[in-house]
Amino acid sequence: MKKIFKALILLIVAALTVSIYSSCSKNDNNDGGTPTISYIRITDPNSSDSLLVSAGQGNLIAIVGTNLQNAREIWFNDRKAIVTTTYVTSTSILVSVPSEIPVDITNKIKIVFSDGKTLEHDFTVSIAEPQISYMDCEYVPAGEIATINGNYFYQPLTVTFTGGAEAEIESITDAVIKVRVPAGAQPGPITVKTNFGETKSDLFFRDNRNIILSSDPFTGWWNASFVVSSPGPDDPIAINGNYIRVKRVIGAWGWTEVAGGPPDAMGPISKNIPDAAILKPEDYNLKFEVNTVKPYNNNMIRFNFGLSDFNNDAYLWNPPIDTKGKWQTITIPFDEYADSFASPLTVRPNGYYTRILLLGPGELDADISFDNFRVVPKVNKD
């Protein structure tokens with residue numbers, strides 16, 4: 001009985017083997033018919049029913065059809081894919097979408113066969129639209145170079161400033177654009193456009209919203225002597241009117257109030273923090289421009305904004321910072337700033353106290369400038 005059972009098992013296995021071999025042979029043999037593409041799908045076995053009409057750069061796809069075994073070249077738009085012969089059968093081809101950016105966009109796959117014939121199929125390579133992350137400095141004079149950081153900066157490309165002025169492109173990589181700021185650039189978002197989309201920035205170039213400290217004009221209790229109104233040859237350039245420059249040696253724990261005052265001393269500017277930023281600080285950033293001729297590498301800078309009184313343990317902006325004599329935009333998430341205080345910020349219709357205070361360990365040979373403190377939305381909803 002056992003022998004009969006074993007023999008039966010062997011017959012079943014043999015029959016299955018012949019069936020599988022026959023099926024594979026049938027699929028892989030060239031039956032001389034015309035090549036066709038039935039559909040394209042992803043290669044995950046668990047998602048084999050997921051059909052595709054587009055895919056991103058570098059994605060592995062399966063082209064399914066008939067009589068495909070003699071495929072020698074596969075083109076996506078005008079970019080040639082790498083064909084691995086072991087991944088080519090009569091019924092399917094596994095191939096990765098080329099990573100190179102196409103110039104001539106046809107939105108088609110073209111397969112070239114060994115006999116020179118071709119087969120085309122509608123298929124879109126999904127290429128990301130430009131992504132704008134930040135500018136090295138959001139305040140740059142006309143004629144000077146501005147640096148835009150992000151991703152998917154594919155040529156040909158244009159950069160347009162609010163007001164419609166188009167920038168002269170100095171250099172481009174996939175992640176960085178350097179442009180010469182045009183004379184007609186106005187405050188507001190910048191727009192980057194490629195063949196694959198157009199993106200308007202969340203950031204504002206020369207952002208003039210919600211300025212809470214700028215010294216244009218000087219107001220407050222302390223240190224009008226720090227305000228630079230007419231820069232000399234040894235001063236940093238002015239990027240937006242007056243700016244604050246601290247150029248002195250500050251000893252360890254040497255109390256140095258740089259700017260600020262209570263609301264009645266600061267004037268209307270003390271009311272410029274939006275109520276929405278106080279109530280939902282996670283939606284806002286604290287931004288300002290800084291220029292260090294000498295590195296900020298010691299001591300401690302304390303920011304006091306949006307409070308009902310002065311706070312000696314205000315937000316601590318820690319060293320080191322070294323911009324090497326260039327203006328740079330600093331971004332601090334406003335919720336990070338607000339969370340540094342023991343009590344939640346509260347809306348004050350009559351305005352807020354303001355102070356920049358240097359007080360901390362270590363002597364600082366300071367030569368540091370500030371401008372354009374502002375509290376602005378993280379996302380541009382326009």
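## Side-chain contacts and backbone exceptions

At 2% relative accessibility, Asp367 counts as buried, because the threshold for that class is under 20%. The model discussed here is a predicted one, and the description begins with the charged contacts around this residue.

### Salt bridges

Asp367 and Arg245 meet through their side chains in a salt bridge, with an N to O distance of 2.9 Å. This contact links distant parts of the chain, since Asp367 belongs to strand 26 (residues 364-377) and Arg245 to strand 19, 122 residues apart. Arg245, at 8% relative accessibility, likewise counts as buried. Arg245 also forms a salt bridge with Asp235, where the closest N and O atoms are 2.4 Å apart; here Arg245 in strand 19 (residues 243-250) is joined to a residue in the loop between strand 18 (227-228) and strand 19, ten residues away. Asp235, in turn, counts as partly exposed at 26% relative accessibility.

Across the whole structure there are 16 salt bridges. Another of them connects Asp283 with Lys280, the closest N and O atoms lying 3.6 Å apart, and its two partners count as partly exposed, Asp283 at 34% relative accessibility and Lys280 at 42%. Elsewhere, salt bridges with shared partners join Glu138, Asp207, Arg209, Lys287, Glu289 and Arg374 into one network. Arg209, a member of that network, also lies over the face of Phe204, at 3.6 Å from the ring centre.

### Aromatic pairs

A search of the whole structure finds 23 aromatic pairs. Two of them, which have Phe303 as a partner, are set out below.

| Pair | Centre to centre | Angle between planes | Arrangement |
|---|---|---|---|
| Phe288 and Phe303 | 5.2 Å | 75 degrees | edge-to-face |
| Phe303 and Phe373 | 5.5 Å | 70 degrees | edge-to-face |

Phe288 lies in strand 21 (residues 284-292) and Phe303 in strand 22 (residues 301-307), so that their pair ties together parts 15 residues apart in sequence. The pair of Phe303 and Phe373 links strand 22 with strand 26, the residues being 70 apart along the chain. Phe288 and Phe303 are both buried, and Phe373 is buried as well. Ring pairs gather these residues into a cluster whose members are Phe288, Tyr296, Phe303, Phe305, Tyr315, Trp317, Phe334, Tyr337, Phe341, Phe370 and Phe373.

### Backbone geometry

Turning to the backbone, the peptide bond from Asp216 to Pro217 is cis, with omega near 0 degrees, and Pro217 is placed in the loop between strand 17 (211-213) and strand 18. The bond from Pro319 to Pro320 is also cis, its omega being near 5 degrees, and Pro320 is in the loop between strand 23 (315-317) and strand 24 (328-333).

Positive phi values occur at two asparagines described here. Asn210, although not a glycine, has a positive phi of about 55 degrees; this residue lies in the loop between strand 16 (197-200) and strand 17, and at 23% relative accessibility Asn210 counts as partly exposed. For Asn372, phi is near 60 degrees, again a positive value in a residue other than glycine. Asn372, however, is found in strand 26, the strand that also holds Asp367 and Phe373, and at 0% relative accessibility Asn372 counts as buried.

Note on methods. Residues are numbered from 1 along each chain as its sequence is written. This is a predicted model: local features need pLDDT of at least 70, side-chain atom pairs count only at pLDDT 80 or more; totals for chains, interfaces and linings use all residues. Side-chain values use heavy atoms; hydrogens and water are left out. A salt bridge is a side-chain nitrogen of Lys or Arg within 4 Å of a carboxyl oxygen of Asp or Glu. Helices (H or I, at least four residues) and strands (E, at least two) are DSSP runs, numbered from the N terminus. Buried means under 20% relative accessible area, exposed over 50%, partly exposed in between (1.4 Å probe, protein chains only). Rings of Phe, Tyr and Trp (its six-membered ring) pair if their centres lie within 6.5 Å; planes under 30 degrees apart count as stacked, over 60 as edge-to-face and the rest as tilted. A charge sits over a ring if NZ of Lys or CZ of Arg is within 6 Å of the ring centre and within 35 degrees of the ring normal.
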